[in-house]
Amino acid sequence: MANTINNNPPISFEFFPTKTAEGSQKLELNALSLAKYQPEFFSVTYGAGGSTRDRTLETVLSTQKQTRIATAPHLSCVGDSREQIKELLDFYRSKGINRIVALRGDLPSGMGLDRGELRYGNELVEFIRTETGDHFHIEVAAYPEVHPQAPNMEKDLENFRRKVDAGANSAITQYFFNPDSYFYFLERTHSLGIDIPVIPGIMPITNYTRLARFSDACGAEIPRWVRKQLEAYGDDITSIKKFGEEVITQLCEKLLKGGASGLHFYTLNQAAPCQGICDNLGISAS
Ligand code: FAD
């Protein structure tokens, strides 16, 4: 069933900054392909501790220029000083960027959590508001399956609330495959009086080994039936992609039907898997 553009749910696509000229060219083509779906915004990740500071900045500006789609930098605070963060905020502001994804970030192992002047997401949001007022629309992260370092869901919800109280406008979730975890998270946040939009983060499935590695690291649970099926496909990439597209399309359908107010795709800098899912959902491309 085809939608008109006006009926499309708000969507956004996330990229990471590339290291080579070839990678940048591929990213440009993929961003142009995805721009046809009229996303609300693109976003570009940031390496904690400033490891991609310049590349994130360049990718944000070039993607926005080439696609004419608003592009939001991610900004993580661990390992960066207040001064470094302020410099970046001022730069983005001077370039007319007005949306930012504000995160704590994950330092490479071996670096203590007390590195840097701002320790948690809520402190970064507070800092951005203090320094730049209402200039930025601030997105923060949310964890329907609970952040891996949180002692329990209650504490994690309390900490999520701190980011909202500090001035976050909306949230994007860590990816998950069980829609019930998202709906339960919404219920819990609503009961706490939190009413900012919480947009599900969607991870297309294209490669089992990589997905298993990411999921272990970020605490996303791969349901047994999905894992077993992906394992059974072995090196048969075509079947993995076909099955992955079906599973994620169904997940998105359930989320949208159940009231999710948009979808944020973790593209891993590939357009095709997201295009397949958007087409299945009837999201029209111009
Ligand atoms: P926080 O909100 O600070 O939470 C981190 C942990 O600390 C949680 O367990 C929380 O319960 C606890 N906590 C929070 N506040 C307090 C407090 N005041 N006192 C005590 N405990 C507290 N990482 C990157 O490095 N670069 C990126 O570009 C990036 N993009 C992302 C985009 C999205 C949509 C998501 C969901 C994640 C992204 N990440 C990125 C990963 C993210 O940085 C990690 O998940 C990180 O571990 C937590 O970041 P946060 O902003 O959610 O942290």
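A polar contact is a pair of N or O atoms within 3.5 Å; within protein, one must be able to donate a hydrogen and the other to accept it, and residues adjacent in sequence count only if both atoms are side-chain atoms. The model shown is predicted: local features need pLDDT of at least 70, side-chain atom pairs count only at pLDDT 80 or more, and totals for chains, interfaces and linings use all residues. Residues are numbered from 1 along each chain as its sequence is written, and side-chain values use heavy atoms, with hydrogens and water left out.

**View 1. Asn 152 reaches the backbone of Glu 154.** Asn 152 sits in the loop between β5 (137-142) and α5 (153-165). Helices (H or I, at least four residues) and strands (E, at least two) are DSSP runs, numbered from the N terminus. A polar atom of the Asn 152 side chain lies 3.2 Å from the backbone nitrogen of Glu 154. Asn 152 is partly exposed, because its relative accessibility is 35%. Buried means under 20% relative accessible area, exposed over 50%, partly exposed in between (1.4 Å probe, protein chains only). The loop between β5 and α5 also holds Val 146. Val 146 is not a glycine, yet its phi is positive, near 75 degrees.

**View 2. Asn 8 pairs with the backbone of Ser 284.** Asn 8 belongs to the segment before β1 (11-15). Its relative accessible area is 13%, so Asn 8 is buried. A polar atom of the Asn 8 side chain is 3.1 Å from the backbone nitrogen of Ser 284.

**View 3. Arg 68 has an unusual backbone sign for a residue that is not a glycine.** Its phi is positive, at about 60 degrees. Arg 68 is placed in the loop between α2 (53-67) and β3. Arg 68 counts as exposed because its relative accessible area is 75%.

**View 4. Ser 76 is buried in its strand.** The strand is β3, residues 71-76. The relative accessibility of Ser 76 is 2%, so this residue is buried. Contact means heavy atoms within 4.5 Å. Leaving out residues up to four places away in sequence, Ser 76 touches Tyr 46, Gly 47, Ala 48 and Gly 49, and also Leu 103, Arg 104, Gly 105 and Leu 124.

**View 5. Helices α3 and α4 pack against each other.** Helix α3 spans residues 82-94, and helix α4 spans residues 121-132. Their axes are 11 Å apart and meet at an angle of about 55 degrees, so α3 is oblique to α4. Axes are lines fitted to C-alpha atoms, for helices over the stretch in contact, and angles run from 0 to 180 degrees between N-to-C directions. Angles under 35 degrees count as roughly parallel, over 145 as roughly antiparallel, 65 to 115 as roughly perpendicular and the rest as oblique. The crossing of α3 past α4 is right-handed (near helix turned clockwise from the far one by less than a right angle; anticlockwise is left-handed). From α3, the contact uses Arg 82, Ile 85, Lys 86, Leu 89 and Arg 93. From α4 come Leu 124, Phe 127, Ile 128, Glu 131 and Thr 132. By class, the residues of this contact are five nonpolar, one polar and four charged. Ala, Val, Leu, Ile, Met, Phe, Trp, Tyr, Cys and Pro count as nonpolar, Asp, Glu, Lys and Arg as charged, and the others, Gly among them, as polar.

**View 6. Arg 93 of helix α3 touches residues including His 135.** Arg 93 is partly exposed, because its relative accessible area is 34%. Apart from residues up to four places away in sequence, Arg 93 touches Glu 131, Thr 132, His 135 and Phe 136. Arg 93 and His 135 are 42 residues apart in sequence, and their C-alpha atoms are 7.8 Å apart in space.

**View 7. Helices α6 and α9 pack together.** Helix α6 covers residues 179-191, and helix α9 covers residues 237-257. The angle is about 25 degrees, with the axes 10 Å apart, so α6 is roughly parallel to α9. The crossing of α6 past α9 is right-handed. Pro 179, Tyr 182 and Phe 183 of α6 meet Leu 251, Lys 254 and Leu 255 of α9. This contact has five nonpolar residues, no polar ones and one charged.

**View 8. Ile 240 is a buried residue of helix α9.** The relative accessible area of Ile 240 is 2%, so it is buried. Not counting residues up to four places away in sequence, Ile 240 touches Ile 205, Thr 206, Asn 207, Leu 230, Tyr 233 and Gly 234. Ile 240 and Lys 26 are 214 residues apart in sequence, and 23 Å apart from C-alpha to C-alpha.
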